[in-house]
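Open the model in your viewer and keep the selection panel handy. We will walk through it one stop at a time.

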Amino acid sequence: MAAEKKRGTQTIRDMVFSVAVVALAAGVIYLFIPHDGSKDPVRVVDYSVEVKTASRAAPYPIATPEGLGQEWRATSVRYEGAGRDGAAWHLGFMAPGNEYAAVEQSDADPRGFVDDVTYGAEKTGRTVRIEGETWTRYAGEKYDALVRVQQDVTTVVTGTAPAKQLERLAASLEPRTAKS
């Protein structure tokens, strides 16, 4: 009987010791691993290499912005030569006001491509002229968009950014080819 009582107190003592060791380890981790909440969590990317690579590979001139300013921060870039959306170019930004805006291009069927990159946004029936080009407005639950369909490429400017910022991004777009 005495052996059983001793075994019970050892188990409790071991459990308390284990909890103390885990708490001490957690405290050390908290103290020595940086956790600066004031830093900007946006990871800015340089897209210059991808622009050169994609402009050589794409069957259409890829669209990149010129003159947006420092408050537009590039956060994602990719070119896929042959995917579900054909030859697809993507360049995403954190726009002023911490809103998302992106340039999407593809040589695939415009209907499926626009639906994919706008997360199901639908035509509003309205258009806007930007830099001499007609863009069709789309509105959706997640993203709004401006869409321009040309013979060889569909260009979509989309995101959570307000319409004026999407228009600003669309106005800044310049075509890039391997020669430019």
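What volume does the second largest pocket have? About 250 Å³, in a model that is predicted rather than experimental.

**Stop 1: the second largest pocket.** Select Glu 133, Arg 148, Leu 173, Glu 174 and Pro 175, which lie nearest the centre of this pocket among its 16 lining residues. Now colour strand 6 (133–139), helix 4 (163–172) and strand 9 (173–176), since these are the elements giving two or more residues to the lining. Strand 9 gives the most, with three residues. If you colour the lining by class, you will find nine nonpolar, three polar and four charged residues.

**Stop 2: the open sheet.** Strand 6 also leads us to the next view. Show the strands as a cartoon and follow the order 2-3-4-8-7-6-5: these seven strands form an open sheet with antiparallel pairing. Strand 2 and strand 5 (122–130) stand at the edges with a single partner strand each, so one side of each has no neighbour in the sheet. Turn the sheet to see its twist, which averages 20° from one strand to the next.

**Stop 3: from strand 5 to strand 7.** Zoom in on strand 5 and strand 6, an antiparallel pair joined by six bridges. Pick Thr 127 and you will find its bridge partner, Thr 136, in strand 6; pick Arg 129 and the partner there is Thr 134. Two residues lie between the strands of this hairpin, where Glu 131 takes a positive phi near 50°.

Stay with Thr 136 and look to its other partner strand: Thr 136 stands opposite Val 147 in strand 7. Strand 6 and strand 7 (residues 144–149) run antiparallel and are joined by three bridges. They too form a hairpin, with four residues between them.

**Stop 4: the largest pocket.** Which residues lie nearest the centre of the largest pocket? Select Arg 78, Asp 85, His 90, Glu 104 and Val 117, which belong to a lining of 17 residues. The volume of this pocket is about 350 Å³. Add strand 2 (73–83), strand 3 (86–95), strand 4 (99–106) and helix 3 (110–118) to the view; each supplies at least two lining residues. Strand 3 has the largest share, four residues. Colour the lining by class once more to see seven nonpolar, four polar and six charged residues.

To finish, show both pockets together with the sheet: strand 2, which supplies lining residues to the largest pocket, is also one of the edge strands.

Conventions
Residues are numbered from 1 along each chain as its sequence is written. This is a predicted model: local features need pLDDT of at least 70, side-chain atom pairs count only at pLDDT 80 or more; totals for chains, interfaces and linings use all residues. Side-chain values use heavy atoms; hydrogens and water are left out. On a 1 Å grid over the protein atoms alone, a cavity is a set of points where a 1.4 Å probe fits but cannot get out, and a pocket is an open set with protein on both sides within 12 Å along at least five of seven lines; lining residues have an atom within 4 Å of a point. Grid points are joined across faces, edges and corners, and a volume is the space filled by probe spheres set on the points. Ala, Val, Leu, Ile, Met, Phe, Trp, Tyr, Cys and Pro count as nonpolar, Asp, Glu, Lys and Arg as charged, and the others, Gly among them, as polar. Two strands pair if DSSP finds at least two bridges between them. Axes are lines fitted to C-alpha atoms, for helices over the stretch in contact, and angles run from 0 to 180 degrees between N-to-C directions.
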